[in-house]
Amino acid sequence: MPVKVLIPIALQRFTDKKSSVEVEGKNINEVMLDLAFRFPELRKHIYSEDGNIRSFVNIYLNQEDVRFLQKLETPVKKSDVITIVPSIAGGLFKKKKKLENQVPVGPDSDHVTETQKSENTAPQAQHPIQTIIDGLTDEETKRYNRHIIIPEVGVEGQKQLKRARVLIVGAGGLGCPTSLYLAAAGVGKIGLVDFDVVDHTNLHRQIIFTTQDVGKKKVEAAKQKLKAVNPNVDIILHETKLTSQNAMDIIRNYDIVIDGTDNYPTRYLVNDACVLLGKPNIYGSIFQFDGQASVFDASKGPCYRCLYKEPPPHGLVPSCAEGGVLGILPGIIGLIQATEAIKLILGTGDSLVGRLLLFNALDMSFRELKLRKDPTCPLCGTNKTITQLIDYEQFCGISQKPVEEDDEQINPKKLKELFDKKEDLILVDVREQSEYQICHIEGSKLIPLGQIKQRSEELDKNKLIVLHCHHGGRSMQALSYLKSLGFTKLKNLDGGIDAWADEVEPTMTKY
Ligand SMILES: [Zn+2]
């Protein structure tokens, strides 16, 4: 009966590059024998000379190691999936020979001798020394050696990386690991868009920056590090906020865009500009322990608007600045984005186009959802209504009005004036207890957002109630809720306790 066997990359060169094959057998033993029969080159990698399965080859039936089932006698049925899992050392085992003699070899150190013997005849034609020098300097050839010896990369692939132009929007949690790895990998031109300066709160995840960089312009500090990692790459700085006015001019000079933004207006802006210019947009987002990644390329699949037609109401979804993020998370998601960029440049593998990858660090799980192109998408659907960039702040419901004109908002200086005038008001802090412990405004009453329903009776409707949180998003939700209960004298502290620390109480600890 036919069963499916998944072949690891290290062994696919013996199975005509197939990642899965169908073989016959009633138990694991028969399946493995049939596999070795069909692909004789594979035999010596699976079986030792005495005919036993090699000790560094593990065989799994579905998710179970057959050693803990009935070993080779474990019966198999049609729907079963058998996976061969060889040990992979990661490093390169053969360093004695000079470059011109190196050959593309697999990562399995245990059978290096056989591999070298079996492949020493062909690869010279694949990577003649002249090609290696052509287009790459001696230093680059050495630097990228571990790339060049992968058949899917080779000299041509490395030259493609050198010619590639990748724009990274946002030198933050996602942009830092992405830019470091792309620079190290030899992507010839890397553009960075960011207008911010390095802040202490960046350091737990934005690994390109050091403590000494606090206060420096992000793009400049990043360029210094990237040049130190790889002086061969061109780092183009766009020290600006990406806007509807400049996005097209910036993005058109690149082949691929990596979205490392942390806010909805810029995310939609990046998406729309990429669709209008026909550029792939590698998406990543992070929150607390969760991450998402995909590749939006409207010529082949959906765009971000196909996934989310419009953003959530302003303030409803907390940002990382409000909700926090595990420091390593942008490293994982950022490197998935960098991986997708390199695959697109090399034209190899299956990209995340049409797939949404969900990562959960707490479960340590990756899940994948299918994404479909929405025929009614206003940007890439059949009846397009968006043909140029729009006002994204307005689209995302972010007020453009000056604070004074918005009668629900109060700025920190005004609030301070009310305190100084001994105005009878209640200041309600809707953050969490842990945040309150870091810093709080003297005299404030702590009612975390999640408790506001149960504890609204503690508040006097006749008094002015000023609500605040970290940046102003959660307190706006609290304000809307209290308004629905009939409270009328409500204000939201614009910019939250963060703005208060900046404008009124500079000695306060910020986070
Ligand atoms: Zn779309």
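In this predicted model, Val 325 sits in the loop that links α14 (320–323) to α15 (329–346). Loop or not, Val 325 is buried, because 20 other C-beta atoms lie within 10 Å and 20 or more is what it takes to count as buried. Ile 286 is 39 residues away from Val 325 along the chain, yet the C-alpha atoms of the two are separated by 7.2 Å.

The loop of Val 325 leads on to α15, which brings up helix packing. Two packed helices are described by how far apart their axes lie and by the angle between those axes. For α9 and α15, the axes are 8 Å apart and the angle is about 40°. The pair is therefore oblique, and the crossing is right-handed. On the α9 side, the contact involves Pro 177, Thr 178, Tyr 181, Leu 182 and Ala 185. These meet a set of α15 residues that includes Pro 330, Gly 331, Gly 334, Leu 335 and Ile 342. Sorted by class, the contact of α9 with α15 comes to nine nonpolar residues, four polar ones and no charged ones.

Helix α9 (residues 175–185) also packs with α10 (residues 218–229), their axes coming within 9 Å and crossing at roughly 30°. That makes α9 and α10 roughly parallel, because the angle is under 35 degrees. Here too the crossing is right-handed. Ser 179, Leu 180, Ala 183 and Ala 184 of α9 touch Ala 222, Leu 226 and Val 229 of α10. In this contact there are six nonpolar residues, one polar residue and no charged ones.

Next comes a sheet. Five strands form an open sheet in the order β2-β1-β5-β3-β4, and the pairing is mixed. At the edges are β2 (20–24) and β4 (64–65), each of which pairs on one side only. Within the sheet, β3 (residues 57–61) runs antiparallel to β5 (residues 81–86), and five bridges join them. Tyr 60, for instance, has Thr 83 of β5 as its bridge partner. Helix α1 (residues 28–38) packs on this sheet and touches β1 (2–6), β2, β3 and β5. The direction of α1 makes about 115° with that of β2.

Further along the chain is helix α21 (residues 496–503), where Gly 496, Ile 497, Asp 498, Ala 499 and Trp 500 are buried. The buried residues of α21 pack against two helices, α17 (412–420) and α20 (473–484), and two strands, β17 (464–468) and β18 (490–493).

Notes:
Residues are numbered from 1 along each chain as its sequence is written. This is a predicted model: local features need pLDDT of at least 70, side-chain atom pairs count only at pLDDT 80 or more; totals for chains, interfaces and linings use all residues. Axes are lines fitted to C-alpha atoms, for helices over the stretch in contact, and angles run from 0 to 180 degrees between N-to-C directions. Helices (H or I, at least four residues) and strands (E, at least two) are DSSP runs, numbered from the N terminus. Angles under 35 degrees count as roughly parallel, over 145 as roughly antiparallel, 65 to 115 as roughly perpendicular and the rest as oblique. A crossing is left-handed if the near helix is turned anticlockwise from the far one by less than a right angle, and right-handed if clockwise. Two residues are in contact if their C-beta atoms, placed from the backbone, lie within 7 Å. Ala, Val, Leu, Ile, Met, Phe, Trp, Tyr, Cys and Pro count as nonpolar, Asp, Glu, Lys and Arg as charged, and the others, Gly among them, as polar. Two strands pair if DSSP finds at least two bridges between them. A residue is buried if 20 or more other C-beta atoms lie within 10 Å of its own, exposed if 12 or fewer, and partly exposed in between; C-beta atoms are placed from the backbone.
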